[in-house]
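Grab a coffee and work through these exercises with the model open beside you. Try each task before you read its solution.

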Amino acid sequence: SGKSSVLSAFLAELDKMSGFVSFADYEQGFAYVSQIPWLQRGTLQENILFGEPFVSQKYWAVMDACALLPDLDVLPGRDNTGIGDSGSTLSGGQKARIALARAVYQDKSIYLLDDILSAVDPHVARHILSHCICGLLKTKTRILCTHQTKYLVNADHVIVLNSGGIVRQGPPAEVLPDYIEHVTNMELESDVPFDTIKESKMSRTVSKDSILNEEERATGSLEFEVYGTYFLAIGICLWPIILASMVLMQGSRNAVDWWLSYWVTNFNSSTGNHSHEEFLIEVDSNNETKYFIIIYAIIAGFNTIFTLLRAFLFAYGGLTAAKKMHKKLLNKIMTAKMIFFYTCSVGRILNRFSSDMYTVDDSLPFILNILLAQFFGLVGTIAMTIYGLPWICVVLTPLVPLYHNLQQHYRLTSRELKRLMSVTLSPLYGHFSETLQGLATIRAFGATSRFRRDNACWLEANQKAQLSSSAAAQWLSLRLQLIGVAMITGVGMLAMIQHNLDFAQPGLIGLAISYALTLTGSLGGVVNAFVETEREMVSVERVRQYLKEKHDGLEGEQCISFVSPPFSWPSRGVVSFSNVFFRYRDHLPYSLRDVSFSTRPSERVAIVGRTGAGKSSIISALFRLAEIGEGTVTIDSVNTKLIALPDLRSRLSIIPQDPFVFEGTVRCNLDPHGKLTDGELWSALSKTQLAHTIRTLGGLETILKKGSLSVGQSQLLALTRAILQNNKVVCIDEATANVDDETDRLIQQTIRASFRQSTIITIAHRVRTIIDYDRVLVMGEGRVLEFDTPQNLLRNSSSYFYQLANESYQ
């Protein structure tokens, strides 16, 4: 209808075609809570403070008003509990309330709240409405977008939108058709002073959550296995061929230079012996020159062939290594357990796939090529120089330990600086990524300058490492040049002495001097290239950390004997939990405690309970997002632990609480394997009331991007996917929380009709949407409190479901 678009227009996130929008004190910003909560990686407290100083009474009053105090008792670190990227370690209700608490703590004049009550159960929603929206914020301007009209009774002004336009507006009594039904004697306007929170609740822990640990950085020399990993990626057969081509290239190059010196020596000798016979000299000289040119051309031709072969093989080897390592890294990430994504920031993963893989793909082959060329060139240069000037060993011998000490000191420094450069890139990538995700919230709060400053700090930390690396390189270069001056001086003196004493042939002396002049450059080049290669190998080391599973969750599935399920499995859809204990990480408390229940074939089961009761954890255990600690989960009497994850998850359908839309066509989102016809796609879209919307956007080939669909429409798209999959077990995690009541009724009808032969497990906050389900599973603190038909539970006034139902209908 355009509710979220109105708030985006207030925030200047949309292009204004005509008219005007004005606010008083616009520069102070707004307190904005988006429909999909945006949270930063950090502690719960850091997310709520959002750069503001900590004021104890204000902080705990906000926590109480946003119904977060009960959650602190179950979170391992209370308000110092770590929050993963985008709040991945929290439930949907917890994310919504933390985002609301952040907005309330900022103490702005205008509050823009986009459907913040749909992600929480009715009891918590009423608490937030009375203690927060109509309590702490009662002196503020509050603009609340919602499709739940029962929460608008105490509003001053109600605006009804439809298709992006205003249909009606005015006081609630005039606009809301069911106003009398919603009016109660409860006074929602309440004041919660900051000093009403007892001091005992203000106690805070200072323990740091392991999820916020800094990225692991290796120290010391590179392990030999790092080099082995790269050379194995090139190929066991390929890299020896590359080395052989390098040897042949350098050998042929030295042969060309040796033949040239030999030519000069013998030509001069021939000329001196026959100077008195001019005609014979001319004939012999022509024949001799022709002979020398032919041999020279043959050797030069072989050198060209070996050079081209070396270049081709090296380029091919580098591409092969990069391709293999990228494929292995991608496969390792795609098969990782969810705990890996809970504890590892997006920035670290992006750093591996961007900076580190770029080095492996481009920089490392280039510098390794230079190293090998410089090394074989140095060997050839030393050999030819010693052959022509044996006394050069007098100069070279004392320089060997000097060069070794220089490169040893520089290696230690440059290697650690490279590691620092890589590690400091991860938070930079992570900060940039989360800034893009929460850009609208950051602009609304007026925190743009702070995020720019934070970005500059992360960038400066990386630049410091890069500057230090450049300074260390200049340090090495200066000392190599000074040593080179001493070497060239010594070589010149030796050459002059040998020439005066006629110790060697002139051609060989000239060849030796020409090589000696480049010897210092070759030595410096080898030292530089060797150290640079080791620095670039740090990227291979970092990629290898993931390939060798040096992080929780990267080991993937446990290596057990998997059972290949029949093609028709599951045929009945009977889901059974038996004494299941489940938690997401080892040091966290159990989210499910001794949970046992069993569904019947094609039964519709609703899961209800307070926020954080363990409802979503049941689906997580069913899909094996983390391995259960104790107990068993079976589907049609088959233990899900014995089924490979691809087989298990492909036989189940999920409509998540936070729907995900791929950036691609509508067709690819609905049918990524391209197995369905257009008629089947349009039929499924019609069942979920999305056909008109998709036609308006341009049809099945329309490219969906961020913002193309509203949150409610994205959930309907996920429902359409589930309808097209037609699996026997369908899990629905509050799929209709972000749609209006009329659409909700239509969707419930669609679910009943489309999944008539499937077992449906639905997590619901609104009891009326599941009142006609076969049975209801009531959860509380990770345990099963009740499991019976809605009718039987409602007959018992002391049942938990009866209390939840009364709260929902109030």
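**Exercise 1.** In which loop is Ser602 found? Then decide how open to solvent the residue is.

*Solution.* Some ground rules come before the steps. You're looking at a predicted model, where local features need pLDDT of at least 70, side-chain atom pairs count only at pLDDT 80 or more, and totals for chains, interfaces and linings use all residues. Residues are numbered from 1 along each chain as its sequence is written, and side-chain values use heavy atoms, with hydrogens and water left out.

- Step 1: Ser602 sits in the loop between strand S9 (592-598) and strand S10 (604-609). Helices (H or I, at least four residues) and strands (E, at least two) are DSSP runs, numbered from the N terminus.
- Step 2: Its phi is positive, about 55°, although Ser602 is not a glycine.
- Step 3: With a relative accessible area of 24%, Ser602 is partly exposed. Buried means under 20%, exposed over 50%, and partly exposed in between (1.4 Å probe, protein chains only).

**Exercise 2.** Now find Arg624: is this residue buried or exposed?

*Solution.*

- Step 1: Look in the loop between helix H18 (615-622) and strand S11 (630-635).
- Step 2: Check the backbone: phi of Arg624 is near 55°, a positive value in a residue other than glycine.
- Step 3: Arg624 counts as buried, because its relative accessibility is 7%.

**Exercise 3.** In what order do the three strands of the open sheet S1, S4 and S5 run, and which stand at the edges?

*Solution.*

- Step 1: The order is S1-S4-S5, with parallel pairing. Two strands pair if DSSP finds at least two bridges between them.
- Step 2: Strand S1 (31-33) and strand S5 (141-145) are at the edges; each has a single partner strand, so one side of each lacks a neighbour in the sheet.
- Step 3: Zoom in on S1 and strand S4 (residues 110-114), which pair in the parallel sense over three bridges. Ala31 stands opposite Tyr111 in S4.

**Exercise 4.** Which peptide bond is cis at Pro570, and where does Pro570 lie?

*Solution.*

- Step 1: The cis bond joins Trp569 and Pro570, with omega about -10°.
- Step 2: Pro570 lies in the loop between helix H17 (506-547) and strand S8 (575-582).

**Exercise 5.** How many helices and strands does the protein chain have, and what percentage of its residues count as buried?

*Solution.*

- Step 1: Count 26 helices and 19 strands in the protein chain.
- Step 2: Of its 810 residues, 50% count as buried.
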